[in-house]
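Open the model in your viewer and keep the sequence panel beside it. The tour below goes from one selection to the next and says what is found at each stop.

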Amino acid sequence: MLLSEQDQILSYNGEVLVFQLSKPKHAEEADDKTMHLCVRRMAFNRDTKLFVQKSSGVFSMGATHSKIEMICCSCTTDSRTGIILPCVLMKKKERNNVKYFLLLLHSSNQFEPSFYFKLDYELKEDIRLFAGPSLLWRHANKLFYISSNTCVVQSAPVQLSSVVWTGEIVGEGTVVLGIRTACLPETEAPDGFSVSDRAIWGSEFFGYAIQTQKLLPGPCFMPHAYSRVVSSVCVCKSERLRKQLRISLVAITHKNQLIWFQNGVPKGVCELPYEKPCSVKPALTSSNDLLFAVSFSSGNSCVVQRRDSLQVAFKWQKVKCVLVDDFIGSGSEQLLLLFKDDSNTDVLSTFKITDLGEVNYASGVNYKHDVPAAEGLQENGLLTVRALEARLQAGWTSVRELQQHLGLQKRVILESCRALIDLVEERTHTLPNSKEVKCRRWALLNSAGLVSLWDDVENPPDSHGKKTSLAFEVPEHFTEELWQRVVGDSLVVGVKLNESCHMSLSDVSLSLVMDQDFSSISPTIKCQSKIIKLNKAFSALAVSSSQIEPPPKKMKLDLHSTNDLKKQFPKRSSRIQLDGAKTVTAVTSLSPLLAFHRVCCVVLLHARKQNHQNDGLQQSKKITVLCGKILLSLEDISNGRYSIKMLRDNSYCTGSMEDILAVLAVSVRFSFQIVSCDFTLTPVSSWLLGEMECTPFKECQDNIFCHKAGNVHGTIFNWALKNPFKGVLTIFCRNLTVLFQCLHSLTRVLPPSCSVKLLRSGSKGVLTEQLALALEKEMLTLKNSLFLKETKAENSLTWGNESGKKINNAPLASLLDTEEGVQQFRKKLQHEREESVRSLNQTMNGALYQKIALKIAETQLSSDMIVWRLA
């Protein structure tokens, strides 16, 4: 930055270089006409907290009939050695032309003329020094440049109105970023309307590579819409990823704004506190904060900090110059602000060094006397901050490792879900290339520090010598109908099972898998399955998932069929069960699915199929059946296509069986026994039909639907009156809040002497009947297990070595008449005693014993469950 007509200041390797152009002072030297370019190397002394001169140098020039001036100075790369050196551009105005020459300053303070050239005009617009050393400028909307290698002025084949930045771009060399009049395609009419930014704004950004003479597209820097307001640019980072140029930069505008651009897209903006910003410089501090020092034409400056957003951190007035370098030798950059001071001619008399953190030095402060502990406090603060930064970095490393671990788990789950979908739809699942999988897996595991979950051996031998079978075999048709309903914020998917085969299934559940390929989320939808049983007379309801499991009293074995209890001993009598239809439902949250606007889901039925063997034991196997697909769209839901329709029709509730099942699926069942000793329970029916505004279903008048407005709307009641003083009220409600509201309303109409008791599962009479059947089955199982058939005993039981002869089974009276008969009877008795002793040491086949133990444990578990319900 130009401080005065004769002074220039430049920062270089933590030092401040002050260039001054002086004339002879003594009278005897006035006729010499020699001018001197002096340089002083100033360094900051941390002991005195002042800038002191380290060395100086002088370069003399003859100025006969001419005027010499300094134009600008900068640090550029010397192409001969690759070393960055200070460079000064000088102008010597002669009679007919103007001579320009470039000087390099070496570490020995010796000036070396690099090259010179002559022009018939003066350089005034967009003068930039860059590597070589080289020089470019703009004149008459044309770009000219000259380098030390050619020493010839060259013209670039581009027209431009301004140069906003010059610097190095990865893979392109030195690039000039400028603004020019928009060049529309030849196919467009000159007066036609174009939707491009270039045609709209009339100007465009462009990049021109000096070495390759190639034009770079402007939108990779910033949109063309900013071409009319941007005055200066600073490129912070440039890189190439997959042959694509990625650039991060900041720009200042005539609208007093600083804008951050990432790959051509604006990412942040900050309003500047002063008008007419002219330059911006980046600085990376010790705390890894990126600062932007903005200078204004009025002599003011400010610093914009980039963390979560761009914001002005500090601002100063009456600033001569702002330099960025490591002035205190801490290994990071600081800002050096030189202030205007009319009372002192030294440019470094009034200054401030700061990084907006722990580094803060200013002139005019006597640190030795006024603030004796400032240096120690600053050093301690620096050490503390560095220790905290180390801890923060360690924590961030742990977070990254955890993210990599979660990402690896997510990829494994997604690949497994894709394999499951292909398996269900009978498609061949294609795995990635084995070499690719191994390389990718090892890379992921090594980076995440995990152990491989698969063998690295390709095509491992089969240990059993058999072909691996599929996870399931497609059985006969188990399902009759697939439907879906929307109840509130829940999606209900139902599958009706075939009556001829649903009694042979257990552990039945549904799964919903998204058919689309969403790489960022898991395709498996979280849902809750329920089994709902409705008999043809509709006089009883059974929802299996509402049962509560009792606390464990003994060790439960891993049975093949854990849901046989629900199949064989339901909440109502077995007679009612036999003429009913079973429906399996899956309930999931609807709102996450609506984020995709349109979702197609595959419905899978999981169950265990029971096969009865000749010995009375059961054998089960897991099966998975593809029930079909459902399509869910936001448009259909808005039109109410899948909504339940429970309307009143002549004092009855009209609703399809699917609507009833959907309401039951999203509801929770509660049964209450109501007993009144002094009054009859007629107010319950009046309360249901009156205050609760309930109407019975056409199929059964005992089950009624609540039409009352509010939270209780949609609640289903079942009122079973055992006698005028005793009954059971079953409530199917959405949540406990609705339940409490219903009970609160009921208690106001019941007589004061009534008692209301929550039943764990159904009525006491039904549970007693179920307990009798369970105990009977347990007794039969024990009997069949202990007294096996003779053929089974011969194959599975091994007795001790038999001894003695076969005893003739003669009548007992005839044996005791004679002495020989008595002896024979004694031998027979002794033989039976020996046989009984040997029978205590019998052994049994392990597989048979396991089946018997599983069967006995299964029946005992069933009886224990019912006893717990009766307790």
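**Stop one: a sheet of four strands**

Start with the open sheet whose four strands come in the order E9-E10-E11-E12, with antiparallel pairing. Select residues 125-130 for strand E9 and 154-159 for strand E12: these are the edge strands, and each of them pairs on one side only. Averaged over the sheet, neighbouring strands are turned by 20° against each other, direction ignored. Bear in mind while looking that this is a predicted model.

Now select residues 134-139, strand E10, together with residues 142-147, strand E11; the two run antiparallel and are joined by six bridges. Show the side chains of Trp137 and Phe144: Trp137 stands opposite Phe144 in E11. Strands of a sheet pair through backbone hydrogen bonds, so display the backbone when looking at such a pair.

**Stop two: another sheet of four**

Move on to the open sheet with the strand order E25-E26-E27-E28, where the pairing is antiparallel. Strand E25 (319-325) and strand E28 (360-362) have a single partner strand each, so one side of each is left without a neighbour in the sheet. In this sheet the average turn between neighbouring strands is 15°, direction ignored.

For the inner pair, select residues 334-339 (strand E26) and residues 351-354 (strand E27), which run antiparallel with four bridges between them. Leu338 is the residue to pick here, as it stands opposite Phe351 in E27.

**Stop three: strand E42 and its partners**

Select residues 703-706, strand E42. Are the residues on its two faces buried or exposed? Asn703 and Phe705 on one side are buried, and so are Ile704 and Cys706 on the other, which leaves both faces covered.

Add residues 694-696, strand E41, which runs antiparallel to E42 and is joined to it by three bridges. Click on Cys694 and look across to E42, where its bridge partner is Cys706. Then add residues 716-723, strand E43; this strand, too, is antiparallel to E42, with three bridges between them. Ile704 stands opposite Phe717 in E43.

**Last stop: the whole protein**

Clear the selection and show everything. The protein has 15 helices and 45 strands. Of its 871 residues, 42% are buried. Among contacts with a separation of 6 or more, 55% are between residues 24 or more positions apart. Switch on the surface to finish: about 48,600 Å² is exposed, and carbon and sulfur atoms supply 53% of it.

Terms used. Residues are numbered from 1 along each chain as its sequence is written. This is a predicted model: local features need pLDDT of at least 70, side-chain atom pairs count only at pLDDT 80 or more; totals for chains, interfaces and linings use all residues. Side-chain values use heavy atoms; hydrogens and water are left out. Buried means under 20% relative accessible area, exposed over 50%, partly exposed in between (1.4 Å probe, protein chains only). Two strands pair if DSSP finds at least two bridges between them. Contact means heavy atoms within 4.5 Å. Accessible areas come from the Shrake-Rupley method with a 1.4 Å probe; for residues, only the protein chains shown count as cover. Axes are lines fitted to C-alpha atoms, for helices over the stretch in contact, and angles run from 0 to 180 degrees between N-to-C directions.
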